[in-house]
Amino acid sequence: MQESVELDSVDWRILEELQNDATLPNRVLAERVGLAASSCLQRVRRLREQGVITGSHIDVNPAAMGLALEAVVAINVRPHTREVVDRFREFVMAQPETRSLLHVSGQADFLLHVAVADTKHLQEFLVDKLASRTEVRHFTSSIVLEQLHTRALTPPRHLRPKRRRRSGEA
């Protein structure tokens, strides 16, 4: 597990702005967080180098692309070995229906989020692709009725940094 990175209040403001809109030009980001553009760019680069920022993305509406039905599938695999888990993960991530995959503890081994055109497409995915896998022992699917997203990741109030990093500090 990666060690956590010490972030000051400005770092958190940068992260919050970029999580809400990863396409912000550096000049606008700098204005919003109260930095010179060059200082802001330097901080963003440092956050990338430290592994805090791991990428940028856009959100796409699956329904607008003809994938109006989303489901979450709880899956159990056996035997639950590294080789089986790796092979299953590779298979699932190669499927065009896959939106995300979580390897979890608890009753299920995996939670799979898929986007499909309709119930027929979901049935084909579950029966023809998932159930045909020898390592899949059991699965249950649930249709997504509503999906809500959290706002940008921010530290809990008791962990929020009170100070801004002084220039020259790492």
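Which residue in β3 is the bridge partner of E70? Select E70 together with β3, and the partner appears: A115. The model on the screen is a predicted one, and this tour moves through it one selection at a time.

**Stop 1: the two domains**

Begin with the whole chain. Colour residues 9–57 as domain 1 and residues 62–143 as domain 2. The centres of domain 1 and domain 2, taken over C-alpha atoms, are 35 Å apart.

Next, select residues 7–68. In an unreviewed entry, UniProt lists this span as "domain: HTH asnC-type". Helix makes up 53% of the span and strand 0%. Between the C-alpha atoms at its two ends the distance is 39 Å.

**Stop 2: the sheet**

Now display the strands. Four of them form an open sheet, and their order across it is β2-β3-β1-β4. The pairing is antiparallel. β2 (98–103) and β4 (136–143) stand at the edges with a single partner strand each, so one side of each has no neighbour in the sheet. On average, and with direction ignored, neighbouring strands are turned by 20 degrees against each other. As general background, strands of a sheet pair through backbone hydrogen bonds, either parallel or antiparallel.

Follow the pairs one by one:

- Select β2 and β3 (residues 110–116): five bridges join these antiparallel strands. S100 stands opposite H113 in β3, and T98 stands opposite V114.
- Stay with β2 and β3 and look at the turn. The two strands form a hairpin with six residues between them. G106, in the turn, has a positive phi of about 110 degrees.
- Select β1 (69–77) and β3: seven bridges connect the two in the antiparallel sense. The pair of E70 and A115 from the opening belongs here.
- Select β1 and β4: these strands also run antiparallel and are joined by seven bridges. Here N76 has H138 in β4 as its bridge partner.

Before leaving the sheet, select β1 alone. Is this strand mostly covered or mostly uncovered? β1 is mostly covered, with eight of its nine residues buried.

**Stop 3: the helices across the sheet**

Add helix α4 (residues 82–93) to the view. This helix lies across β1, β2, β3 and β4, and runs at about 165 degrees to β2. Then add helix α5 (residues 119–130), which lies across β1, β3 and β4. The angle between α5 and β1 is about 20 degrees.

**Stop 4: the nonpolar cores**

Select I75, F88, F110, L112, L122 and L130. These residues have the most contacts inside the largest nonpolar core, which has 20 residues. The elements giving two or more residues to this core are β1, α4, β3 and α5.

Centre the view on L130. Which residues does L130 contact, once its neighbours within four places in sequence are left aside? The contacts are V73, I75, F88, F125, V136 and F139.

Apart from this core lies another one, of 16 residues. To find it, select W12, A30, V33 and L47, which are among its members.

**Stop 5: the loop between β1 and α4**

The last selection is R78 and P79. R78 lies in the loop between β1 and α4, and P79 is found in that loop as well. A cis peptide bond joins R78 and P79, with omega at about -10 degrees.

R78 counts as partly exposed, at 38% relative accessibility. P79 is also partly exposed, with a relative accessible area of 45%. Both descriptions follow because partly exposed covers values between 20% and 50%.

Show the surroundings of R78. Leaving aside neighbours within four places in sequence, R78 is in contact with D109, E135 and R137. R78 and R137 are 59 residues apart along the chain, yet their C-alpha atoms are separated by 6.3 Å.

Finally, draw a distance from P79 to L24. These two residues are 55 residues apart along the chain, and 46 Å separate their C-alpha atoms.

Technical notes:
Residues numbered from 1 in each chain as written. Predicted model: local features only at pLDDT ≥ 70, side-chain atom pairs only at ≥ 80, totals over all residues. Heavy atoms only, no water. UniProt positions renumbered as here; feature names shortened; annotations may be inferred. Helix = DSSP H or I, 4+ residues; strand = E, 2+ residues; numbered from the N terminus. Pairing = 2+ DSSP bridges. Axes fitted to C-alpha atoms, helices over the stretch in contact; angles between N-to-C directions. Contact = heavy atoms within 4.5 Å. Domains from an automatic or database assignment. Core = buried A, V, L, I, M, F, W, Y, C linked by side-chain atoms within 4.5 Å. Buried < 20%, exposed > 50% of the residue type's maximum accessible area, 1.4 Å probe, protein only.
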